[in-house]
Structure formats: structure tokens, C-alpha cells
Amino acid sequence: MAIVLAGTACGATPSLASNSEAPAHGAAVKALDGGKLDSLPTGPVYIRFIRFAQPVGYDIVSKQHVASVVYVETGAHRLVLNGKPPIDLEAGQALFHQSVSHVHINPGPADPSVWYSIAIWASSARGQSLVDKTARPKFESEDISRESLPQVAYSQVLRQITLAKLGTTGAHKFGGLAAFYVLTGSLTIKSVHRAPVTLGAGEGAYFLPDVALQETNSGTVCAGNFGFTISACGDTLNRLTGTKLFTGS
């Protein structure tokens, strides 16, 4: 079944739809978490995935920065937002949080706990020191002009996309920016404006709004990856094109 997910962060309910012209098979999509941004940073922006390998007993104290999604890959994670009661996350879980002071804690027993901070940043922030020595930028998009992104409220959503061997999504478009990051296996993404791109584990790619896409598992094992979208509230984040865009799709 081809999958269409609406902007849950803006109050819409995810929906499913199928289309015989662009069939999907062996594909599963799970919404992890999302939230609303009142506005985007001023000027050009970029998408960044930062990976942390945090030892047990080592706290990361962060001052206020951009709203982001925390995703836990392995171990456990405890997040304290602005002095409020802690929120515990397990591997495979995610949490969106606004721009507030916070503390990241590895409560154990896994050592280290591996987690990601995923967000859209002002391009002017490039080159600034990362928040902690355990942080490693794993994917950073090119600078994205604000011309295609109006100054309105936005929905920011993280999804987990799993593709079985030879699995594929239906041909679809996102109403906003979209970034993909591969955790396991490999992923080939077709689009109408450039040659297909194949990503391995630890690699990512981004696409501008309203670009027709189709994702396929190009490897021999199950592929697991993120889909991260930033879209104006009221837009459908992921919709079928209704036409057969790609040869063999």
C-alpha cells in the first residue's frame, strides 16, 4: 500500500491511500514524533543530523538552541527540558522539543547510548562549535534559499521508513522540504530533477518541496532510514502524484 501521511504536528490525522499507477510494496512508515515551528530561521537554512555517542554518567547540558527532534538509536536516553520532570526514551523512540535549555542523560545500562539531534538551522550557524565533544555531524544539506519557504508556521516531522528487500514506496511528493538518512542497509531515491541517488548507512540526501520522489531498497537486506520533513502548516506533507512518473515504478 502506498502511504500518504499528513502533517500531524499541525493537528491533522495521518491517512493512508493507494494508487495503482504508482504501487508500493514492502514499505512501512511509522510517524515517530513532530511539532510546530512558529517560523523558520531568517535567511538561508540547512538540515542537519548530529549523532551522539554518550557514555553512562556523562551529562550533556545544552543552552537554548533551535527546535529539534531527538531520536534514540541504541540504549536509553533521559531528557530534561527546562528543569521539568525527565522524559525517558528507549531505542527506536523520538521526541520533538522546542528551543529551551535542556540536559541529555544516559541512565544506562548501555554504554554508550547512541542518539541523534535532527533539526533545521540557519546557515549562519555553520562553523559554530558543536554542543559537546561526543557530537558528530553525520549529514548536512546544502544551504536552502528561503524563496521557496514562506514565512509562516511550519510542521516538523520525523518518520521511520522500513523497506523490505526490493521494497519500494509509491511515487509521491512532499509539500515541504524532505531529508532522508539511512540507518541500516541502502536506499535508492529517484527524482524527476536529477539522476537516482543511492545512500548507504550513515548517508543522507535532501529534496526541495514538490519534487516527485520514489524510494527503493537497493540492497539485499532490510533497509531502515529516516524521513524528516519541514512543511508549512496546512500543506499535505506526503501525497501520491497520481501518475506513473518513473520507468519501472
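Of the 249 residues of the protein, 49% count as buried in this predicted model. The secondary structure consists of 21 strands and zero helices. Contacts reach far along the chain. Among those with a separation of 6 or more, 80% join residues 24 or more positions apart.

One sheet illustrates the strand arrangement. Four strands make up this open sheet, in the order β5-β10-β7-β8, and the pairing is antiparallel. Its edges are β5 (60-62) and β8 (87-90). Each edge strand has a single partner, so one side of each is left without a neighbour in the sheet. On average, neighbouring strands of this sheet are turned by 20° against each other, direction ignored. At the β5 edge, β5 and β10 run antiparallel and are joined by three bridges. Within this pair of strands, V61 stands opposite V103 in β10. Strands of a sheet pair through backbone hydrogen bonds, in either the parallel or the antiparallel sense.

A further antiparallel pair involves β16 (residues 186-191) and β19, over five bridges. Here I189 stands opposite E215 in β19. Strand β19 spans residues 213-217 and is mostly covered. Four of its five residues are buried.

E215 also appears among the contacts of T169. T169 lies in the loop between β13 and β14 (172-173). Is this loop residue buried or exposed? Its relative accessibility is 9%, so T169 counts as buried, the cut-off being under 20%. Leaving out residues up to four places away in sequence, T169 touches P23, A24, A27, L163, Q214 and E215. Q214 and E215 fall within the range of β19, residues 213-217. L163 falls within β13, which covers residues 154-168.

Open space was examined next. Rolling a probe the size of a water molecule over the atoms shows where empty space is left. The largest pocket has a volume of about 290 Å³. Its lining comprises 20 residues. Nearest the centre of this pocket lie R48, S62, H65, W121 and V131. Which strands supply at least two residues each of the lining of the largest pocket? They are β4 (45-54), β6 (68-74), β10 (102-105) and β11 (113-122). Of these, β10 is also a member of the four-stranded open sheet. By class, the lining of the largest pocket holds eight nonpolar, ten polar and two charged residues.

The second largest pocket has a volume of about 200 Å³. It is lined by 13 residues. E142, R194, Y206, F207 and L208 lie nearest the centre of the second largest pocket. Both β12 (135-140) and β18 (204-207) supply at least two residues of this lining. The largest share, four residues, comes from β18. By class, the lining of the second largest pocket divides into six nonpolar, four polar and three charged residues.

Several backbone features stand out for inspection. Two cis peptide bonds are described here. One joins G108 and P109, with omega of about 5°. Another joins D111 and P112, again with omega of about 5°. Where do the prolines lie? P109 is found in the loop between β10 and β11. P112 is likewise found in the loop between β10 and β11. The strands on either side of that loop, β10 and β11, each supply at least two residues of the lining of the largest pocket.

Positive phi values are also present. L166 has a phi near 65°, a positive value in a residue other than glycine. L166 belongs to strand β13. With a relative accessibility of 58%, L166 counts as exposed, because the cut-off for that class is over 50%. D210 is not a glycine either, yet its phi is positive, at about 60°. D210 is found in the loop between β18 and β19. The relative accessible area of D210 is 40%, so D210 is partly exposed. Of the strands flanking that loop, β18 contributes four residues to the lining of the second largest pocket, whereas β19 pairs with β16.

Methods. Residues are numbered from 1 along each chain as its sequence is written. This is a predicted model: local features need pLDDT of at least 70, side-chain atom pairs count only at pLDDT 80 or more; totals for chains, interfaces and linings use all residues. Side-chain values use heavy atoms; hydrogens and water are left out. On a 1 Å grid over the protein atoms alone, a cavity is a set of points where a 1.4 Å probe fits but cannot get out, and a pocket is an open set with protein on both sides within 12 Å along at least five of seven lines; lining residues have an atom within 4 Å of a point. Grid points are joined across faces, edges and corners, and a volume is the space filled by probe spheres set on the points. Ala, Val, Leu, Ile, Met, Phe, Trp, Tyr, Cys and Pro count as nonpolar, Asp, Glu, Lys and Arg as charged, and the others, Gly among them, as polar. Buried means under 20% relative accessible area, exposed over 50%, partly exposed in between (1.4 Å probe, protein chains only). Two strands pair if DSSP finds at least two bridges between them. Axes are lines fitted to C-alpha atoms, for helices over the stretch in contact, and angles run from 0 to 180 degrees between N-to-C directions. Contact means heavy atoms within 4.5 Å.
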